[in-house]
Amino acid sequence: MNKLFSSSFRYSFLAISLLVIALTSCTKDDKTESEGDGTEITIDLAGIDDPTNVNSSIARSVTGTANAESILSQKILAQEIKHFEEDGLDAIVTLSEIKDNSIKDSINTTNNVDPLNTKSSATLTSPRAPLPSGIAYRVVFYENGVYRATVNATSGSEFKWTSASRLRTYTWFAYSVNTSSAFTGNFSSTATTIDVSNSSAFLFASGTISTNPDNRNNKLNIVLQNKSARIDVVLDGRGMFGRMLNISANNITPNHLKSGTFNWQQQTYNSTYNPNTLITTVNNAGFVNYNTSSADSIRVGTFYTVDGVNPISDFGIRASFSVSPDASNFGNRNFSNKNFNFTGTTFTPQIGYRYRITITPIMSTKTLNGVEWARTNLFYNATRRAYGFRHHGSNRYGTSTNVESAGEFFNWRAILPTFGAATNQGDPCAMVYPATKVGNNWVGHWRMPTRDEATALANTSSPARSLATATDDQLVRYFNFNYGGTDDYGNNWIVFILYGYRNVGSNTITGFSNNGNVDGEGYFWTSTAGATPGQAYQLSFNTDGATILTNTERNVNAGLNIRCVRNTTWTSANMPALPPATYQ
């Protein structure tokens with residue numbers, strides 16, 4: 001009896017032990033697949049594989065030759081000139097497609113390529129854009145089609161998956177929307193698609209990684225690729241001679257910018273659709289400086305779409321913005337809800353391409369006898385080494401008391417506004433942005449008026465002209481050509497301030513009066529040389545009898561003001577290239 005019990009007990013114990021061993025073995029195998037053996041895979045986010053990367057350390061001249069060779073291969077799809085004369089604003093608007101970058105920033109294969117042949121869908125010798133620190137991204141691992149892990153990470157920091165196994169091959173994919181908003185939780189183990197919004201970028205990469213036997217050098221290099229089409233909107237304020245502030249922009253037509261469902265296995269979009277918010281708005285915080293050296297004068301914001309199949313017709317941007325003028329205490333000039341669209345133009349945004357809408361606002365003109373006159377005087381800013389027009393046609397700048405720094409008194413056809421500047425060197429109006437240098441000559445949207453054009457202005461009877469006294473800090477006489485009503489310059493006038501002239505060989509001013517009871521004089525160069533050698537024709541205003549004279553000559557070494565006119569032979573084909581970009 002005892003022997004029988006002992007034998008039965010031993011057989012029972014053996015059976016139970018074998019069952020426990022079997023169960024334990026199954027559990028260990030499952031743990032190996034789901035939790036691994038402690039092998040680590042280090043994740044390195046190397047950047048973005050971006051053939052359209054505009055950020056390059058290769059510098060090129062802002063004012064180089066016309067259509068200067070860009071670091072980008074870009075195709076101009078459309079270009080128009082918009083007129084908003086009632087607001088004192090014109091704009092040159094360009095739509096271009098960017099699809100290649102000749103500057104290759106190759107990944108360092110010594111430091112970034114896994115010796116065990118890590119494979120990525122992004123080639124390791126592609127042009128690479130760095131990703132700023134703090135950008136959130138997610139990496140998802142599979143093995144033999146079975147979900148294994150999700151790693152939520154941020155650029156600029158090292159992350160690891162610590163539950164992999166030796167001598168295994170994993171499939172992975174990674175994605176980011178290029179923001180700092182952190183991913184939380186795990187990717188759904190059964191999901192085959194990712195919802196992609198048109199409100200931000202969508203970056204993606206995929207590949208495989210094989211782990212080695214000794215848990216060393218398991219490094220996953222990730223180079224993300226753009227899986228949306230981006231449309232950069234560049235507001236270039238150099239033609240307005242101020243900083244671009246308080247920007248808000250949106251697409252004009254509601255159904256132009258699409259969201260979609262991205263299949264991460266096939267790396268294509270299963271579908272695209274209109275987003276819940278049909279109008280996408282980029283506010284001032286979303287517009288960054290295009291170039292660090294240009295500061296707020298050129299700013300850029302970005303729109304996205306994931307529809308690379310259906311064409312877009314008559315695309316356009318509605319923008320509001322302010323221009324902070326050359327002297328900050330004179331207030332901003334504000335422009336609201338201006339439409340910059342491309343009527344009759346159709347294009348199909350391609351996934352991975354970058355498109356650019358460049359909006360270049362420039363001061364509008366007032367037309368007298370068929371000649372388009374600038375509203376205010378030419379001046380040269382020595383600090384910025386730039387030519388421009390005053391934002392106010394009034395005595396706010398101390399022009400006649402700060403002769404050198406004001407930069408408004410030029411010798412005839414001199415390049416710089418100093419009394420010792422050489423004469424007949426070129427047309428300073430042609431150097432006002434937008435302008436390009438072709439050979440030894442500048443080609444610009446503006447030029448000096450001829451004697452005949454000045455004569456036509458002097459003889460005009462409409463609009464009405466009048467002599468008035470300014471109400472600014474200093475009294476000074478000026479002539480108005482009054483078009484009636486108001487515009488963004490305050491009064492709808494062309495104003496010629498009577499600043500006098502700078503004497504030959506000095507900064508002494510003659511003919512200026514800040515006494516309302518004393519006559520003043522104003523003198524403006526024409527581009528026409530005088531009949532007498534060393535003389536040139538001038539346009540002059542005299543408060544004594546309110547006369548305008550154009551048949552008089554003056555020594556070319558005298559300092560006169562210049563009022564530019566629009567160069568109607570200029571075409572947008574002469575638009576200067578943008579400076580090198582430093583934004584992403």
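Two strands pair if DSSP finds at least two bridges between them. Keep that in mind for the hairpin on this tour, and remember as you click around that the model is predicted.

**Stop 1: the whole chain**

Start with everything shown. The chain has 584 residues, and 51% of them count as buried. Colour by secondary structure and you'll be looking at four helices and 41 strands. The accessible surface adds up to about 25300 Å², with 48% of that belonging to carbon and sulfur atoms. If you draw contacts with a separation of 6 or more, 69% of them link residues 24 or more positions apart.

**Stop 2: a three-strand sheet**

Now select residues 193-196, which is strand β10, then add 259-263 for β15 and 268-273 for β16. Together they make an open sheet in the order β10-β15-β16, with antiparallel pairing. At the edges sit β10 and β16, each pairing on one side only. From one strand to the next, the twist averages 20 degrees. In general, strands of a sheet pair through backbone hydrogen bonds, either parallel or antiparallel.

**Stop 3: strand β15 up close**

Hide the rest and keep β15. Is this strand mostly covered or uncovered? Mostly covered: five of its five residues are buried. Turn it over to check both faces: S259, T261 and N263 are buried on one side, and G260 and F262 are buried on the other.

Next, bring back β10. β10 and β15 are antiparallel and share four bridges. To find one of them, click D195 and look across to its bridge partner T261 in β15.

**Stop 4: the hairpin**

Swap β10 for β16. β15 pairs with β16 over five bridges, again in the antiparallel sense. One pair to pick out here is S259 and its bridge partner Y273 in β16. Then follow the chain through the hairpin, where four residues lie between the strands; Q267 takes a positive phi near 55 degrees.

**Stop 5: a lysine under cover**

Jump to residues 72-84, strand β2, and select K82. Why does K82 count as buried? Because its relative accessibility is 12%, and buried means under 20%.

Show the side chain and look for what it reaches. A polar contact of 2.7 Å joins it to the side chain of E80. The K82 side chain also reaches the backbone oxygen of N341, at 2.9 Å. Leaving aside neighbours within four places in sequence, K82 is in contact with D90, A91, V93, N339, F340 and N341.

**Stop 6: the cores**

Finish with the nonpolar residues. The largest nonpolar core has 54 residues, and the members touching the most others are F321, I357, L378 and F389. Apart from that core lies another of 24 residues, including I41, I43, V139 and A164.

For a last close-up, select I357. Which residues does I357 touch, not counting those up to four places away in sequence? Work through V93, T94 and L95, then I231, D232, V233 and V234, and end with F315, I317 and F342. You may recognise V93 from the previous stop, where it was in contact with K82.

Key: Residues are numbered from 1 along each chain as its sequence is written. This is a predicted model: local features need pLDDT of at least 70, side-chain atom pairs count only at pLDDT 80 or more; totals for chains, interfaces and linings use all residues. Side-chain values use heavy atoms; hydrogens and water are left out. Buried means under 20% relative accessible area, exposed over 50%, partly exposed in between (1.4 Å probe, protein chains only). Helices (H or I, at least four residues) and strands (E, at least two) are DSSP runs, numbered from the N terminus. Contact means heavy atoms within 4.5 Å. Accessible areas come from the Shrake-Rupley method with a 1.4 Å probe; for residues, only the protein chains shown count as cover. A nonpolar core is a set of buried Ala, Val, Leu, Ile, Met, Phe, Trp, Tyr and Cys residues joined through side-chain atoms within 4.5 Å. A polar contact is a pair of N or O atoms within 3.5 Å; within protein, one must be able to donate a hydrogen and the other to accept it, and residues adjacent in sequence count only if both atoms are side-chain atoms. Axes are lines fitted to C-alpha atoms, for helices over the stretch in contact, and angles run from 0 to 180 degrees between N-to-C directions.
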